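The following exercises are to be worked with the sequence and the model at hand. Each task is followed by a solution in steps.

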Amino acid sequence: MILHVSKSPSSNEVEHISFPADAAKVRYAMIGLEEFGGWAPAYIVGGEGPAEALTSYISRDDLYSEDGVKKLNRLAGLVDTMELEAQKVFAGALRAESINGLDDVLRVASNLGQYEFIEGVTTDKELGGWLVEHGKAGVDFPKEVWPYLDYAGIGAGYYSDHGGAYTPSGYVKRREVIQTQEAAKQPNFVLTLASPASTHRLNLPATDDDLEQAKRALRLDDLDSAAIRDVEIDYPWAHLLDMDSITLQDAHILAKCVQEMTAQELRVFGAVLEAEQPNSFSDANLTAMYLDDYELVEDSEREYGREALRKAGADDEILDMLDGFTDFDTLGRSEMEADGVRETSSRGPRRNPAKRFRWGEEPQRNERALDTGRSEGCGACGDDVRRLSTPWPEQGPEMGQTMG
């Protein structure tokens, strides 16, 4: 993405700034331009390709601020992949929306699949004719009356009701139905997919219909060829996932597992991610699939020590006799170390001050095992869990069919 910056549209002194760019270099270029031949403020006077449509929406302050350049770099990643039709949609969508800064521009560029483009329709009259011809005027007019219709009035009425914008290439407006996926009642798990033709936000886990809709929006036969432009996972343990290795298939699998977890299992999963530190997104999937290999250990060190004595045969009467003469805290720490307990950090307010993770062989199994059909809220990350089985098998389970 290349922007042309100058003190005036008629000036011969023009700085061509290519993005992605370093914020310091952009500031240096701006300062040099503004100070050359007597100081005057510079602003964007044009751009190459789809960047030409951005002239009115990027401020001088955006070019001087690190946050502004960071957003322009993100925008460049979207703009540089647009094919000609996507560029036309982008230019019209910017006109159709109320744009109040780079955040709005990025939102539009990331959601071009939400807009409809009618090639060659540039006036109310042309819009009215197109609507009648395609049976979308709200009335099924017989062809015999077409020559006598007020096409400009029909187009103007439609424009008034639906909004949009005319461009030299055609008419752009928001689609009637943008997404068929219902808003999730749980935190977001969303991928922004991109193709040369468009971008599309896909809520996960996705149904077959959702995937087909994404293919149509991106104009792709197979979603494996779509680029993942952005990942939104609004769970507190999202930062523990390796986003560099994410694929659509792996993200779908994890989203499905997470959707079926109870609140307790979500707490366990966050703690296990921190303790295991999976090396890839697919490894995180294995963690979710084998979640019943872990359990929470929510006892304090003192209670852990008392529980160890109970398992050794001491009843409550003996424990009461030992109270005051036995350092249960030290005993608990020793037992935790023997059991292979590993402590995980706390993230946010919580009532249990000690959060740990334990390895070892135990006869019982976690009663909160992962099963299907359950979905509750999200617990805090950083909990006491222990592993009840041997380490992962070398070969993971079948991951399912390739998405797309």
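**Exercise 1: Two loop residues**

Task. Determine whether Glu48 is buried, partly exposed or exposed.

Solution. Glu48 has a relative accessibility of 44%, so it counts as partly exposed; buried means under 20% relative accessible area, exposed over 50%, and partly exposed in between, with a 1.4 Å probe and protein chains only. This is a predicted model, in which local features need pLDDT of at least 70 and side-chain atom pairs count only at pLDDT 80 or more, while totals for chains, interfaces and linings use all residues. Residues are numbered from 1 along each chain as its sequence is written, and side-chain values use heavy atoms, with hydrogens and water left out.

Next, locate the residue: Glu48 belongs to the loop between strand 3 (43-47) and helix 2. Helices (H or I, at least four residues) and strands (E, at least two) are DSSP runs, numbered from the N terminus. Beyond its neighbours within four places in sequence, Glu48 contacts Ile2 and His4, a contact being heavy atoms within 4.5 Å. Its C-alpha atom is 6.9 Å from that of Met1, although the two are 47 residues apart along the chain.

Task. Carry out the same analysis for Thr167.

Solution. Thr167 counts as buried because its relative accessibility is 8%. It sits in the loop between strand 5 (165-166) and strand 6 (170-174). Residues up to four places away in sequence aside, Thr167 touches Gly92, Arg95 and Thr122.

**Exercise 2: The faces of helix 3**

Task. Establish which residues of helix 3 are buried and how they are arranged about its axis.

Solution. First, take the dimensions: helix 3 (residues 66-79) has 14 residues and reaches 20 Å from first to last C-alpha, close to the 20 Å expected at 1.5 Å a residue. Second, list the buried positions: Gly68, Val69, Lys71, Leu72, Leu75, Ala76, Leu78 and Val79. These residues fall within an arc of 165 degrees seen down the axis, so they line one face of the helix. Third, turn to the other side, where Glu66 and Lys70 are exposed. Finally, identify the cover of the buried residues, which includes helix 1 (23-35), helix 4 (84-96) and strand 9 (227-233).

**Exercise 3: Confidence**

Task. Find which elements have the lowest and the highest mean pLDDT.

Solution. pLDDT is the predictor's confidence in each residue, from 0 to 100. Strand 12 (residues 356-358) has the lowest mean, 40, and helix 6 (residues 124-133) the highest, 95. Over residues 177-185 the pLDDT is below 50. Where pLDDT is low, the predicted coordinates should not be read in detail.

Note on methods: Expected span 1.5 Å × (residues − 1). Arc of directions from axis to C-beta.
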